[in-house]
Protein chains: 2
Amino acid sequence: MTEVNGSTSKIYLEVVEKLRNMIEKDGLNPGDKIPSERELSERLSVGRSSVREALRALELLGLIETRRGEGTFIKDFQEHKLVELLGTFFLQNTKVKKDLAETKQLLELDCIQIILLQASSESLDSFAKWAEQGNFDDQSYFGKLLEVNPNKLLERMWSIVNTYAQAAQVEFIQADLQAYIDLALALRQRQKAQTEQIYRERIRQGVSIKLT
Amino acid sequence: MTEVNGSTSKIYLEVVEKLRNMIEKDGLNPGDKIPSERELSERLSVGRSSVREALRALELLGLIETRRGEGTFIKDFQEHKLVELLGTFFLQNTKVKKDLAETKQLLELDCIQIILLQASSESLDSFAKWAEQGNFDDQSYFGKLLEVNPNKLLERMWSIVNTYAQAAQVEFIQADLQAYIDLALALRQRQKAQTEQIYRERIRQGVSIKLT
DNA sequence: GATAAAACGTGGTCTGACCACTATGATTGT
DNA sequence: ACAATCATAGTGGTCAGACCACGTTTTATC
């Protein structure tokens with residue numbers, strides 16, 4: 001018996017989908033509460049356990065947060081703990097690591113391209129000022145740099161790749177502080193050639209992947 | 001009554017953890033079968049529903065695969081759904097058309113970089129041969145090109161961005177067929193400057209975003 | 001009015017029951 | 001002996017109902 005399982009067999013996946021639509025339709029934002037498990041179960045005509053499977057999966061993904069006694073909320077996603085999992089799980093093959101390192105670098109260079117062409121002088125000024133304080137490490141530096149770039153999609157992609165890279169223990173060697181500062185200054189002056197040279201020769205030197 | 005909840009309240013998270021250890025300890029590899037839900041439930045002394053919540057979460061992450069009537073298997077980590085999911089959830093409403101087009105181009109250029117440095121001559125030959133047939137459009141051409149590049153992460157990212165770009169009706173203007181063919185030939189000869197020139201001036205000309 | 005107690009709502013977990021599907025082994029037919 | 005068939009057991013998929021633990025809200029009490 002049962003039941004015309006439309007397309008996505010597996011109820012919990014349908015619930016994920018419905019949830020996604022619901023969030024979009026109702027314009028829910030991070031922090032907002034979503035209906036209770038029992039209500040979802042009723043509204044979607046599925047068992048509560050199926051709803052829970054969907055919610056638990058989304059929770060592990062860091063997309064929602066549940067607080068016992070209170071409810072389930074959309075999460076402002078960041079630091080999903082799943083990532084450490086992935087790292088220790090099945091991420092330990094060198095090919096993946098190489099791809100991660102390579103991709104991360106490419107995204108950083110892409111970001112530099114965009115910044116050179118599109119970033120406002122003010123944002124570049126303030127970034128340079130921030131860099132001159134010297135209060136950063138490789139990771140936080142590029143995190144900040146990616147923020148300066150106006151392409152939010154690129155920023156998000158870098159963030160994800162970076163997270164994965166961390167999980168896989170792919171970390172770049174910390175370069176000389178001055179190199180990072182010089183990069184910021186070169187960016188501010190929109191010196192394309194110099195910027196790229198600093199990145200390649202002084203910051204990402206000696207890394208397995210060479211570009212250009 | 002419960003419960004000495006060691007550290008990670010939430011049983012399903014403990015199950016995830018236990019599973020991870022089990023996989024590591026037993027040296028299980030992609031394709032291998034993991035114990036059945038009922039057996040796990042018994043071995044870990046937790047309810048089957050908790051086991052299922054853990055498994056469903058890992059499944060949505062793309063770490064395992066379940067086949068009804070057969071069992072649950074470790075999956076090759078290649079096709080992780082993470083980026084996809086994050087995208088469908090939070091990347092939707094933003095007006096990212098520009099970002100999409102821009103990012104897509106950047107990824108294509110990144111791919112070209114990698115190909116110039118890493119692709120085998122044979123794969124470049126066969127790609128050029130394929131291109132000379134002229135049986136493609138802009139999209140399928142770059143889809144094929146991304147396949148030539150050995151960085152599977154990059155390929156996947158492009159594929160996703162491309163999918164979204166389509167959905168957002170961000171499509172590049174089809175260029176002259178000859179331009180695509182010439183690009184393939186330049187790639188085969190590993191002519192970096194020429195390759196990039198063709199891409200920028202003959203294929204992606206007139207697109208909103210200009211790079212370099 | 002302030003405080004304490006009870007009621008309610010919510011997530012967390014378990015159990016037991018079916019269903020649907022697959023693989024395996026026994027049965028049967030030739 | 002071999003092949004096709006069927007029965008069975010094992011597996012994931014789903015549901016319903018029952019508690020528990022915790023937070024919020026309402027109510028009763030002082």
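**Exercise 1. The sheet of chain B**

Determine in which sense β1(B) and β3(B) pair, and over how many bridges. Then establish the strand order of the sheet and the way in which α3(B) packs on it.

*Solution.* The model is a predicted one.

Step 1. Two bridges link β1(B) with β3(B), and the sense of this pairing is antiparallel. In β3(B), Thr72(B) is the residue opposite Ile34(B).

Step 2. The sheet is open and has three strands, in the order β1-β3-β2 (chain B), with antiparallel pairing. Its edges are formed by β1 (33-34) and β2 of chain B, each of which pairs on one side only.

Step 3. The helix α3(B) packs on this sheet and touches β1, β2 and β3 of chain B. The direction of α3(B) makes an angle of about 115° with that of β2(B).

**Exercise 2. The surface near DNA strand D**

Identify how many residues surround DNA strand D and which are the closest. Then describe the phosphate contacts and the classes of residue on this surface.

*Solution.*

Step 1. DNA strand D is surrounded by 25 residues, of which Lys10(A), Ile11(A), Gly47(A), Ser50(A) and Arg48(B) are the closest. Of the atoms of DNA strand D within 4 Å of the protein, 64% belong to sugar and phosphate.

Step 2. In chain A, the side chain of Lys10(A) places an N or O atom 2.8 Å from a phosphate oxygen of DNA strand D. For the side chain of Ser50(A), the corresponding distance to a phosphate oxygen is 2.7 Å. In chain B, Thr72(B) has a polar side-chain atom 3.2 Å from a phosphate oxygen of the strand.

Step 3. Two or more residues of this surface come from each of the following elements: α3 (48-60) of chain A, and α2 (37-43), α3 (48-60), β2 (64-67) and β3 (71-74) of chain B.

Step 4. Sorted by class, the surface near DNA strand D comprises 13 charged, ten polar and two nonpolar residues.

**Exercise 3. Two helices of chain A**

Determine at what angle the axes of α6 and α7 of chain A cross, and which residues meet.

*Solution.*

Step 1. The axes of α6 (residues 121-132) and α7 (residues 138-148) of chain A come within 10 Å and cross at roughly 170°. Angles over 145 degrees count as roughly antiparallel; α6(A) is therefore roughly antiparallel to α7(A).

Step 2. From α6(A), the residues Ser123(A), Leu124(A), Phe127(A), Trp130(A) and Ala131(A) take part in the contact. They meet Ser140(A), Tyr141(A), Lys144(A), Leu145(A) and Val148(A) of α7(A).

Step 3. By class, this contact of α6(A) with α7(A) has seven nonpolar, two polar and one charged residues.

Conventions
Residues numbered from 1 in each chain as written. Chains lettered and ligands numbered in written order. Predicted model: local features only at pLDDT ≥ 70, side-chain atom pairs only at ≥ 80, totals over all residues. Heavy atoms only, no water. Near = heavy atom within 4 Å. Polar contact = N/O pair within 3.5 Å; in protein donor to acceptor, adjacent residues only side chain to side chain. Helix = DSSP H or I, 4+ residues; strand = E, 2+ residues; numbered from the N terminus. Nonpolar A, V, L, I, M, F, W, Y, C, P; charged D, E, K, R; others polar. Pairing = 2+ DSSP bridges. Contact = heavy atoms within 4.5 Å. Axes fitted to C-alpha atoms, helices over the stretch in contact; angles between N-to-C directions. Parallel < 35°, antiparallel > 145°, perpendicular 65-115°, else oblique.
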